[in-house]
Structures are given as C-alpha cells and as structure tokens.
Amino acid sequence: QVQLVESGGGSVQAGESLTLSCAASGRFASIPTMAWYRQAPGKQRELVSVMTSGGGNRDADFVKGRFHTFRDNAKNAVFLEMNNLEPEDTAVYYCNANVRMRSGGPSSSFWGQGTQVTVSL
C-alpha cells in the first residue's frame, strides 16, 4: 500500500507564505504524477497544481504565479510553495499521487489526509 503524508499547513495572515510538503512511502515502481488539490468549506475539491516526474507542470488559473510546485523524485516528495496568500486560499490542501505499483503497469490514485491552511486579513 502507498501512504502520503502531508505537512506544513497552518494559520497565516494575508500576504504571508507557507510551504506544504508531501512524501510518499510504500512499495511501488514509480510515481508519474503528483498533485495538490484543495477544498474550501462548502466547495468542491479543486486542482491547484500537478507535476510529472519529468518536471512538466500545470497550475490552476487562480495560482496567478503565486504558488510554485516542485518535486524531489529521489525522496518521492512534492512541495507546494505558496506566496502572497489571500483569505480565498483558506482550505484543506490534499496531496495526490498517481502511482505505478509495478513497472509498466497501470497507475492507481492515492490521497493524503489533508492539511489545513487558514489565511486571515
């Protein structure tokens, strides 16, 4: 089985920064993509950013260049650096990974437990 453990959430004021971390553990062959999603109260979960193992990256429009995603493939980890945070960024942030359990096999999706980010004025 694969476990994703997130850390780095917290409460900050508008304009400040936070960096979230997510590390995958378990037995698997590769992790083609790792992504960050978020879910605000009363809203659907939405994609924030996705990154491939080769460094390809796609961000949601609301990121507006404020967030930066990067991976450490050697550590099976993905990071979300969030700058100039706004109250609208308040949400639970979830790590997601599409994992190949064996080389050349299909990938399966795994989720972390989520980490709360709260931004106040």
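This passage describes the nonpolar core, the disulfide and two buried residues of a predicted model. Because the model is predicted, local features are restricted to pLDDT of at least 70 and side-chain atom pairs to pLDDT 80 or more, whereas totals for chains, interfaces and linings use all residues. Residues are numbered from 1 along each chain as its sequence is written, and side-chain values rest on heavy atoms, with hydrogens and water left out.

The largest nonpolar core (a set of buried Ala, Val, Leu, Ile, Met, Phe, Trp, Tyr and Cys residues joined through side-chain atoms within 4.5 Å) comprises 29 residues, and those with the most contacts inside it are Leu 4, Trp 36, Val 48, Phe 67, Leu 80, Met 82 and Tyr 93. At least two residues of this core come from each of strands E1 (2-7), E3 (18-26), E4 (30-39), E8 (77-82), E9 (91-100) and E11 (115-120), where strands are DSSP runs of at least two residues, numbered from the N terminus. The most is given by E9, which supplies five residues. Contact is taken as heavy atoms within 4.5 Å; with neighbours within four places in sequence left aside, the contacts of Leu 4 include Cys 22, Ala 24, Cys 95, Phe 110 and Trp 111.

One disulfide (a pair of cysteine sulfur atoms within 2.5 Å) is found in a search of the whole structure. The disulfide is formed by Cys 22 and Cys 95, whose sulfur atoms lie 2.1 Å apart, and the link is left-handed, with -75° about the S-S bond. Since Cys 22 belongs to strand E3 and Cys 95 to strand E9, the pair ties together parts that are 73 residues apart in sequence. Both Cys 22 and Cys 95 are buried, that is, under 20% relative accessible area, with exposed meaning over 50% and partly exposed in between (1.4 Å probe, protein chains only).

Strand E3 also contains Ala 24, which is buried at a relative accessible area of 8%. Beyond residues up to four places away in sequence, Ala 24 touches Gln 3, Leu 4, Ile 31, Lys 75 and Asn 76.

In strand E4 lies Arg 38, a buried residue with a relative accessible area of 7%. Its side chain makes a polar contact of 2.9 Å with the side chain of Asp 89, and another of 3.0 Å joins the side chains of Arg 38 and Tyr 93; a polar contact is a pair of N or O atoms within 3.5 Å, where within protein one must be able to donate a hydrogen and the other to accept it, and residues adjacent in sequence count only if both atoms are side-chain atoms.

Notes
Helix = DSSP H or I, 4+ residues; strand = E, 2+ residues; numbered from the N terminus.
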